[in-house]
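Colleague: Could you walk me through the ligand sites and the charged pairs in this model? I would like to follow your reasoning as we go.

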Amino acid sequence: MISFSYINQTTEASGLKEVQLAESGLCGVFGRSGAGKTTLLRWLAGLIEKEGTIEAFGAVWQGLSGSLRVEARQVGYVPQESALFSHLTVAGNLALAKPFANRAVVEKAELLDVLMLEPLLDKPVTELSGGERQRVALARALLVNPRWLLLDEPLSAVDQVHRRVIGHYLKQLSARLPILLVSHSEQELGALCDNILLMDEGCLRAQGSPSELFSRPDLQISHRDSAASLLLAQMMEYDPVHHTQHLMVDGQPLEIPADKAVVTAAGETLPLRLMCRDIILSRDTLQGTSLRNGFSVTVIGIHSTAESQVLVRLQLAEQKLLARITERSAEELKIKLGDPIYAYVKAVSLVTSADVASLPAR
Amino acid sequence: MISFSYINQTTEASGLKEVQLAESGLCGVFGRSGAGKTTLLRWLAGLIEKEGTIEAFGAVWQGLSGSLRVEARQVGYVPQESALFSHLTVAGNLALAKPFANRAVVEKAELLDVLMLEPLLDKPVTELSGGERQRVALARALLVNPRWLLLDEPLSAVDQVHRRVIGHYLKQLSARLPILLVSHSEQELGALCDNILLMDEGCLRAQGSPSELFSRPDLQISHRDSAASLLLAQMMEYDPVHHTQHLMVDGQPLEIPADKAVVTAAGETLPLRLMCRDIILSRDTLQGTSLRNGFSVTVIGIHSTAESQVLVRLQLAEQKLLARITERSAEELKIKLGDPIYAYVKAVSLVTSADVASLPAR
Amino acid sequence: DPTPQGGAANSTGASRTLIIAVANSFRPVAELIAAEFSQRHNVQIQLASASSGVLANQILHGAPFDLFLSADSARPALLVDRGLAYADSRLTYARGILVFWWPPGGSHKGGEPRLKQLNDVSRLSIANPRTAPYGEAAKALLQGQGLWTSMQKRLVRGAGASQAYQFVASGNIAAGLLPQSLLLQGGVEHDYLVIPQELYPPLAHQAVVIKNGKAQLARQFLQHLLGAGQNVLAEHGFYPAASFASTALHRGAD
Amino acid sequence: MDFGFSAQDIAALWLTVKLSAVTTLLLLVLCPPLAWWLAHTRRWHRPLIEAIVALPLILPPTVLGFYLLVAFAPQGPVGSYWQALFGTPLAFSFSALVIGSMLYSLPFIVQPLQAAYQAIDQRQLEVARTLGMSPLRRFFKIILPQTKRATGAAGVLGFSHTVGEFGVVLMIGGNIPGATQVLSIVLFDHVEALDYAAAHRLAGGLLLFSLLALSLTYSWLRAGNKAPR
Amino acid sequence: MDFGFSAQDIAALWLTVKLSAVTTLLLLVLCPPLAWWLAHTRRWHRPLIEAIVALPLILPPTVLGFYLLVAFAPQGPVGSYWQALFGTPLAFSFSALVIGSMLYSLPFIVQPLQAAYQAIDQRQLEVARTLGMSPLRRFFKIILPQTKRATGAAGVLGFSHTVGEFGVVLMIGGNIPGATQVLSIVLFDHVEALDYAAAHRLAGGLLLFSLLALSLTYSWLRAGNKAPR
Ligand SMILES: Nc1ncnc2c1ncn2[C@@H]1O[C@H](COP(=O)(O)OP(=O)(O)OP(=O)(O)O)[C@@H](O)[C@H]1O
Ligand SMILES: Nc1ncnc2c1ncn2[C@@H]1O[C@H](COP(=O)(O)OP(=O)(O)OP(=O)(O)O)[C@@H](O)[C@H]1O
Ligand code: MOO
Ligand SMILES: [Mg+2]
Ligand SMILES: [Mg+2]
């Protein structure tokens with residue numbers, strides 16, 4: 001268990017008292033530019049002093065009796081500016097990352113492969129492109145076999161293809177290694193994270209699962225164009241003819257392109273990200289369209305957002321869903337609280353965590 | 001007119017011979033990490049020497065008789081790493097950007113407002129967050145009233161709210177000032193750019209409008225999940241009751257939330273970005289759903305992409321559209337070349353360049 | 001007794017080596033005499049030269065010298081007072097000769113200048129009267145001629161006599177009051193006037209044997225210097241010690 | 001003011017401060033372009049120039065002074081030119097002291113400046129060029145402020161080195177009270193004349209004063225230069 | 001080998017090289033910790049220590065030498081301790097020359113190192129800490145390689161300064177051929193004795209040789225240090 005309380009003297013009003021994180025899993029850190037994300041990570045790594053307490057891996061990192069040295073925290077830290085050792089080559093940078101103890105979190109060969117660093121090994125780091133630098137910084141942080149990985153926008157200059165591949169790899173790693181990931185991409189966080197910390201004005205504002213956080217109408221985050229809900233689906237059988245995967249969400253069937261589900265075996269759970277704007281509401285079931293997946297749902301909330309749009313909160317058996325439609329549509333469909341209705345979604349517009357691997361060849 | 005030919009000795013095989021750009025408009029530069037985008041911008045700014053020729057604003061910047069000095073090119077350059085003057089405050093950095101000649105491209109007060117720099121003016125730049133640094137770098141480059149703006153991933157560390165506001169501002173600016181924008185976000189480029197340069201392995205591979213480039217099946221870019229088409233729509237009347245804007249696309253009506261069209265006056269043209277995955281195909285018109293906008297189109301192409309998906313190329317009267325659907329749907333709808341069909345799109349999932357301004361309060 | 005232990009390291013295993021501290025101005029002559037002595041007695045001689053002031057400072061702080069050939073008499077006397085040198089070894093071994101050198105230059109034609117012409121030179125180079133005996137002599141001369149105060153602004157002081165000579169030799173200063181030894185060494189044979197002895201206090205060069213050194217050998221060398229050594233003095237611009245009354249007389253010259 | 005210092009001491013102190021200040025200021029004006037050139041040229045002969053800058057160090061000051069004396073003589077290569085230009089002889093003038101001291105302290109100013117210039121972030125200078133800043137503006141607005149501490153520290157070393165300088169000044173200055181007799185020579189004379197009391201008094205005063213001045217200077221340099229994050 | 005140099009010249013040359021090398025090496029070992037401390041401490045007394053480091057410069061070398069002589073004398077504060085420890089007197093020994101030269105050249109090594117350390121990218125050192133690198137490992141793997149050129153250049157200056165050093169060495173060494181007579185003193189003696197031919201020969205040879213050695217050193221330093229992009 002990792003837990004910390006982070007105190008910002010200036011605006012301590014409505015911050016979170018304490019944050020608790022499991023010793024595995026990917027936790028996102030989200031917030032505006034200048035919200036204090038970098039500051040938080042630097043404090044957790046022990047690089048700056050700030051009021052608060054940190055307990056991690058059964059030890060006190062910061063408490064009344066002082067602070068654990070940076071060197072002893074055994075974190076893997078990727079700063080926002082990469083900060084590669086400028087006098088060395090890529091290989092030289094990686095060579096300085098000597099593994100802590102005999103934990104083996106990553107395998108070097110695999111890491112170099114995923115991060116596509118093999119061809120760069122002999123290059124001086126001063127001659128790398130922005131995205132190349134970030135990948136080297138990530139590899140260096142991982143090669144120490146850290147107990148905790150602190151990533152400060154590690155992929156902001158990496159193109160989307162690599163970014164997804166690496167995101168997926170991090171997701172896999174997070175089964176064994178807790179990861180804190182700062183990112184400005186809600187989509188990335190939604191697809192990868194189990195848990196998100198929301199920061200604002202130097203404070204921790206909220207913690208929760210992406211589905212929770214991104215659909216809480218009291219947080220501005222749900223008003224965004226890229227707001228989405230997360231649904232957990234059960235893997236069912238695979239249809240080899242159409243190359244599709246059958247799923248079950250709260251007892252209702254769903255069929256998606258098989259390559260969106262590659263990583264998960266039958267019987268397991270797959271998180272699905274449904275963009276609010278992608279959901280189509282219909283009074284009846286639809287025929288003769290390319291829309292294939294519809295859920296029978298109940299309206300449990302209607303919120304206006306931007307001027308002519310509404311957010312509709314929908315309830316499946318267990319899970320909740322957010323849809324964004326125009327006011328005009330809402331009016332014509334006569335949507336009221338408690339209404340039964342159909343929520344359709346295009347199979348190809350679903351985003352799964354597996355999605356990040358279903359990519360054109362690297 | 002700006003034109004340049006960029007020669008890469010190592011892999012000159014299939015590059016573009018020459019690029020021509022208008023003296024206004026936003027041109028995106030897109031390509032993988034390490035594709036050579038930064039190198040291209042540095043060469044255009046005159047910071048590195050490389051074979052090739054550049055003519056811009058009626059003058060030869062690089063030719064047989066040598067190369068125009070950096071100082072005389074009067075470009076606004078934002079490097080990937082911001083490179084703020086580290087001994088100064090934000091205000092000090094901005095003060096060093098003395099306007100070239102008496103062109104007035106931007107107004108300082110407005111710029112500070114859009115980039116939200118007012119509260120930061122007295123801060124030493126060494127104490128800024130990543131996103132804050134990038135905004136200062138952008139302001140600094142604009143304050144010289146440059147003839148050409150070269151932006152190397154200027155917003156990669158800026159959160160999405162600011163990023164859209166600034167993107168929109170750049171779009172407006174580009175009416176008076178040509179801008180070259182490196183970005184890894186296809187969505188951003190699609191929404192903002194008139195023109196995109198595609199780079200790969202140090203070469204310029206292709207140039208074209210986003211709709212063209214992102215829908216050319218021979219370029220990998222159209223296979224991506226985020227591929228989209230661009231349609232040009234005519235502004236028609238505004239419906240104040242429903243707060244919607246009526247549009248016309250190749251003679252067919254379209255109705256979108258009014259706040260997606262704020263910037264454009266009636267009679268003008270609005271570019272609409274339709275994500276391939278957001279388009280729903282139907283044999284018949286749909287009733288009783290939140291889907292409101294359908295076009296009558298003809299199938300003019302069917303391409304398989306990722307394993308169980310197909311890209312369907314559709315023709316309106318003049319313009320073309322790409323839809324991505326599952327193979328299963330394509331099969332059930334029995335889509336064939338030449339078929340008449342309906343293409344539906346959710347109004348709220350349209351992305352317009354105006355979209356970037358329809359945001360929760362800053 | 002503050003007698004230094006210096007020299008222990010250098011004297012062991014090289015008992016036939018004599019280290020002589022010699023004032024810069026006397027070094028060329030000392031070299032000749034030392035060569036002769038070391039041949040005759042199979043002794044190795046090392047000459048450590050510096051200004052008399054530096055050498056005295058060093059001896060005061062334990063320098064491993066056996067014999068000190070100073071260019072003055074005050075410093076040897078001080079060493080004896082401090083108990084660092086044998087009082088009975090303090091002897092005048094030579095006397096310096098002051099000359100007025102005015103080489104041709106500008107409107108000046110050259111030739112042997114007259115004493116009266118001292119006041120005609122644009123600038124005059126002397127050794128620092130405070131630290132160098134030749135400077136002291138020059139000062140006494142100028143005072144005697146009533147020129148000391150009036151010429152202040154035209155005086156240039158070398159740290160030692162040698163520097164004062166270089167000022168003139170390099171053409172920077174018109175004329176100088178300098179040791180004859182230096183002029184001879186520099187090959188200057190004309191254009192100077194030997195100042196009459198009675199116009200300045202005697203430039204007694206005195207030697208002392210340092211305690212805790214190889215006193216025996218040092219005395220032997222001193223003997224040689226006062227004997228056969230005297231013969232070469234004249235041709236190098238020094239008056240022999242004997243030419244000026246008795247050595248005892250000059251013990252009190254300081 | 002009397003701490004047992006003679007009028008001669010005071011005059012020498014004043015001259016010393018003047019000489020060191022002029023020398024240091026001139027070096028701080030002349031060295032930056034040279035240091036900048038050395039920091040950035042890719043020419044093959046750069047190491048040669050660097051070596052030549054360091055060369056005056058190799059000669060003992062008095063010997064360096066001797067060669068300068070020869071050069072500064074009215075018939076000498078520099079002196080004759082000087083005389084033709086200004087009508088006064090160069091040697092034994094304050095100007096000669098300044099030139100000699102500059103030559104002697106040059107490497108201690110050039111080298112730290114060169115190192116500081118090499119450490120400057122090139123990307124910031126590149127951006128400065130795109131902003132249309134002229135080389136002079138880049139120097140005064142970016143390079144100089146970013147190397148303030150290094151320049152200051154180099155200046156302090158140069159100043160101190162000139163205060164303590166002795167051999168060169170002695171040789172080409174001629175120890176003329178009020179004109180070329182600097183403190184270091186007076187102090188040396190005290191030692192040479194075995195006047196330890198005067199030497200102790202002067203050296204002690206000098207050291208105490210310098211300690212104060214140097215401490216204040218370093219404090220000031222430090223305050224003006226925060227370490228970047 | 002004979003270019004008209006006497007056996008005395010050769011012995012002095014050898015002694016000079018030995019003295020300069022030992023002095024420079026010792027300084028390069030001792031100064032980095034001091035320079036590092038000065039570069040990073042926030043203590044109030046930092047400027048004081050910086051001033052003390054620069055202080056030896058203020059005194060003319062001969063005067064500094066004089067005080068060292070006093071200290072090194074068998075009855076002196078350092079000399080007596082030394083004698084008790086090693087059984088041999090300190091003054092007029094090679095060790096005395098080394099100590100004196102170190103003191104005299106100290107500021108020229110400390111100050112450039114300090115400036116170089118201050119210019120190091122702190123973020124890289126922070127990352128190094130998160131990688132678990134010990135202070136020693138950080139020093140040898142990051143700080144030292146990144147300040148190679150500055151260290152080399154400081155070493156060259158220190159070496160040259162010691163070669164040309166004269167006052168201190170003359171005072172505490174005593175100009176004893178083969179033991180403490182270094183090249184600078186021999187050269188000084190030649191000039192003092194008006195033996196210009198010998199002086200020119202020695203000075204010329206020394207300068208030529210130094211020019212070569214310095215050029216090569218600077219080339220080597222330059223090759224090992226590419227400017228970052
Ligand atoms: N060294 C510093 N000294 C003082 N203030 C600082 C320092 N570093 C950052 N700040 C300020 O603290 C706030 C939080 O900065 P931080 O870098 O943590 O933001 P962030 O959330 O990482 O932003 P971004 O997404 O832009 O990187 C900002 O307002 C910034 O200006
Ligand atoms: N100074 C340099 N010397 C040699 N090679 C370089 C230099 N700078 C960049 N490169 C190489 O040139 C290629 C293109 O680099 P560039 O920085 O232009 O890429 P980029 O498209 O901007 O990538 P990114 O999106 O990661 O910033 C890369 O493979 C990089 O390693
Ligand atoms: O050798 Mo002297 O004592 O300087 O003239
Ligand atoms: Mg940050
Ligand atoms: Mg780049």
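Modeller: Happy to start with ligand 2: 20 residues surround it, and the ones that come nearest are Lys123(A), Ser129(A), Gly131(A), Thr38(B) and Thr39(B). Near here means that a heavy atom of the residue lies within 4 Å of the molecule. This is a predicted model, in which local features need pLDDT of at least 70 and side-chain atom pairs pLDDT 80 or more, while totals for chains, interfaces and linings use all residues. Residues are numbered from 1 along each chain as its sequence is written, chains are lettered from A and ligands numbered from 1 in written order, and side-chain values use heavy atoms, without hydrogens and water.

Colleague: Residues from which chains surround ligand 2?

Modeller: The site is shared between chains, because the residues that surround ligand 2 come from more than one of them. Helix H5 (130–143) of chain A and helix H1 (37–45) of chain B each give two or more residues to the shell; helices are DSSP runs (H or I, at least four residues) and strands likewise (E, at least two), numbered from the N terminus. The chains around ligand 2 are A, B and E.

Colleague: How far is an oxygen atom of ligand 2 from a backbone N or O atom of Lys37(B)?

Modeller: I count a polar contact as a pair of N or O atoms within 3.5 Å; within protein, one must be able to donate a hydrogen and the other to accept it, and residues adjacent in sequence count only if both atoms are side-chain atoms. The side chain of His184(B) places an N or O atom 3.0 Å from an oxygen atom of ligand 2. For the backbone of Lys37(B), the distance is 2.7 Å.

Colleague: Ligand 1 next: which chains does it lie between?

Modeller: Of the 20 residues around ligand 1, those that come nearest are Thr38(A), Thr39(A), Lys123(B), Ser129(B) and Gly131(B). A polar side-chain atom of Gln80(A) lies 2.8 Å from an oxygen atom of ligand 1. Ligand 1 lies between chains A, B and D.

Colleague: Which residues are the protein donors of the magnesium ion?

Modeller: Donors are N, O and S atoms within 2.8 Å of the metal (3.2 Å for Na, K and Ca), and water is not among the atoms, so sites may look incomplete. The protein donors of ligand 4, the magnesium ion, lie 1.8 to 2.2 Å from it, and they are Thr38(A) (OG1) and Gln80(A) (OE1).

Colleague: Are those two buried or exposed?

Modeller: Buried means under 20% relative accessible area, exposed over 50%, and partly exposed in between (1.4 Å probe, protein chains only). By that cut-off, Thr38(A) and Gln80(A) are both buried.

Colleague: Now the charges: which residue forms a salt bridge with Arg328(B)?

Modeller: A salt bridge is a side-chain nitrogen of Lys or Arg within 4 Å of a carboxyl oxygen of Asp or Glu, and the structure holds 35 over all chains. The partner sits 4 residues away in helix H9 (residues 327–333) of chain B, about one helical turn. Arg328(B) is buried at 16%, and the closest N and O atoms are 3.8 Å apart in its bridge with Glu332(B).

Colleague: Why does the pair of Arg138(D) and Glu71(B) join two chains?

Modeller: Their side chains meet in a salt bridge at 2.9 Å, N to O. The pair joins two chains because Arg138(D) lies in helix H7 (residues 135–146) of chain D and Glu71(B) in helix H2 (residues 70–73) of chain B.
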